[in-house]
Amino acid sequence: MAKYRGKRKVLTNVRIEGIAAEGKCVARVDEQVIFVEKVAPGDLVDVQVTRKKPSFMEGIPVKFHEYSKDRVEPFCSHFGTCGGCKWQHIPYEIQLKYKHQQVVDNLERIAKVALPEISPILGSEKTQFYRNKLEYTFTNWKWLTREEIDSEGEIDRRGLGFHIPGRFDKILEIEKCFHQPDPSNEIRLKIAQFAKENDIPFYDLVKKTGNLRNLIIRNSVTDQWMVIVQFALEDEKNALLLNFIKDEFSDITSLMYVVNGKANETFHDLEVKCFYAKDHIIEEMEGIQFKVGPKSFYQTNAIQAYELYKVAREYAGLTGNEVVYDLYTGTGTIANFVAKEAREVVGIEYVEAAIEDAKVNSELNGITNTKFYAGDMKDMLNDEFVSQHNQPDVIITDPPRAGMHADVVNMLLKLAAEKIVYVSCNPATQARDLALLDEKYVVEKVQPVDMFPQTHHVENVVLLKLR
């Protein structure tokens, strides 16, 4: 049955059936599919339609008649507004079930290739406080909660927190975040408090005025901490705040800052200066150390990344005689992780700064059988490159969410390495690429890995062998 709220259609008594793409749930009304946010399978709800297409609808819940028996109470007070942990209301074992099914569905429906039995998903040891990097934004016009709107008196609109989903200019002030371990919350709260007490102007995201723009907090498995403060301009109060951080958190390994007068918060093209202690922190995996600077990429769930890389290494099945190509190598984490079991590892990555980090990480660990090159993958990986660096026996590829460019897939087919280990953060684009590789390769093993509990994201590792 349908009714109307204003001009928008409301579907009543809709039973939510399952999980769909991007963390939304799915239901069917009069044989038409509708994707619904902020619900759980088993909920009975009224849904306001927000978008209608010939083949599907999208909507949001406006009234709950029954809650799913599988629901749990979200542990974060910001749940439902922040958007960072959209599955807190679903028990972790059920999250894993749906993530595993997401991999199965993508491989079966998109790849349409012969598949082995897919291994049970590897769950994360930690389901809270598992991230090693968080990025917060300062604002002078924070998002108000219902309680704040209803309260009497003047409200301080300065805040430090996360962007509201889909709104670049709306920042939700965060009281406690369950992503990163202590003292992450304490660092953020005390910095915000000190800035307010000392009238350091918070940035206006619309007018581009003010000074305090951004705060990044990073940590490592070796319990080292990096704090990066982004200012909009040079000011005498910058040093006041930085000295406060240095004195208040004397155990910080690295205190950095950047002055960014651009219209956006990206600083990869700007100088990041070290104010106190070191300009990096150290991650570690099986005794291998990785130098992480302010611009370095490193897997944000470091403990689970170790499990992911162990799967990739196992699938590679190295004996010490192989030439390995590590495509989309980033800072060379996988390349350095498998190097001791290979004859040579050749890493290719688009970001030049990441390649410099990869070289440093090899040098730091005395690894001498790695080579790293920067450039666009589809342009770098060609006949000339292969003639200079030997034919690969094993290829490990870990592309971005968009998957591999068609030219790269074609080159892999031409190279015809004995094995390809495909690590993916997007099973849908991985499945598309597997369909193309099916011309010469058979899927031997599949291992889903959960890197991000409380979210819909899932990683997947596939072993392909030459037919």
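Here are short questions and answers on contacts, cysteines, cavities and salt bridges in a predicted model.

The model is predicted, so local features need pLDDT of at least 70 and side-chain atom pairs count only at pLDDT 80 or more, while totals for chains, interfaces and linings use all residues. Residues are numbered from 1 along each chain as its sequence is written, and side-chain values use heavy atoms, with hydrogens and water left out.

Student: With which side chain does the side chain of Asp46 make a polar contact?
Tutor: Asp46 sits in strand β6, residues 44-52 (strands are DSSP runs of E, at least two residues; helices are runs of H or I, at least four; both are numbered from the N terminus). Asp46 has a relative accessible area of 4% and is buried (under 20%; exposed is over 50%, partly exposed in between, with a 1.4 Å probe and protein chains only). A polar contact pairs N or O atoms within 3.5 Å; within protein, one must be able to donate a hydrogen and the other to accept it, and residues adjacent in sequence count only if both atoms are side-chain atoms. At 2.8 Å, the partner is the side chain of His65.

Student: Why does Cys76 form no bond with the closest cysteine sulfur?
Tutor: A disulfide needs two cysteine sulfur atoms within 2.5 Å. A search of the whole structure finds zero disulfides. For Cys76, the closest cysteine sulfur is in Cys82, too far for a bond at 6.6 Å.

Student: How many residues lining the largest cavity are nonpolar, polar and charged?
Tutor: The largest cavity has a volume of about 110 Å³. Of its 14 lining residues, those closest to its centre are Cys76, Cys82, Cys85, Gln88 and Cys177. Ala, Val, Leu, Ile, Met, Phe, Trp, Tyr, Cys and Pro count as nonpolar, Asp, Glu, Lys and Arg as charged, and the others, Gly among them, as polar. The lining divides into nine nonpolar, five polar and no charged.Student: How many cavities of 30 Å³ or more are there?
Tutor: On a 1 Å grid over the protein atoms alone, a cavity is a set of points where a 1.4 Å probe fits but cannot get out; lining residues have an atom within 4 Å of a point. Points join across faces, edges and corners, and the volume is the space filled by probe spheres set on them. The count is three.

Student: What is the N to O distance in the salt bridge of Glu186 and Lys190?
Tutor: A salt bridge puts a side-chain nitrogen of Lys or Arg within 4 Å of a carboxyl oxygen of Asp or Glu. Both residues lie in helix α3, four residues apart, about one turn. Their N to O distance is 3.1 Å.

Key. 1 Å grid on protein atoms, 1.4 Å probe; cavity = no way out; pocket = protein on both sides within 12 Å on 5 of 7 lines; lining within 4 Å.
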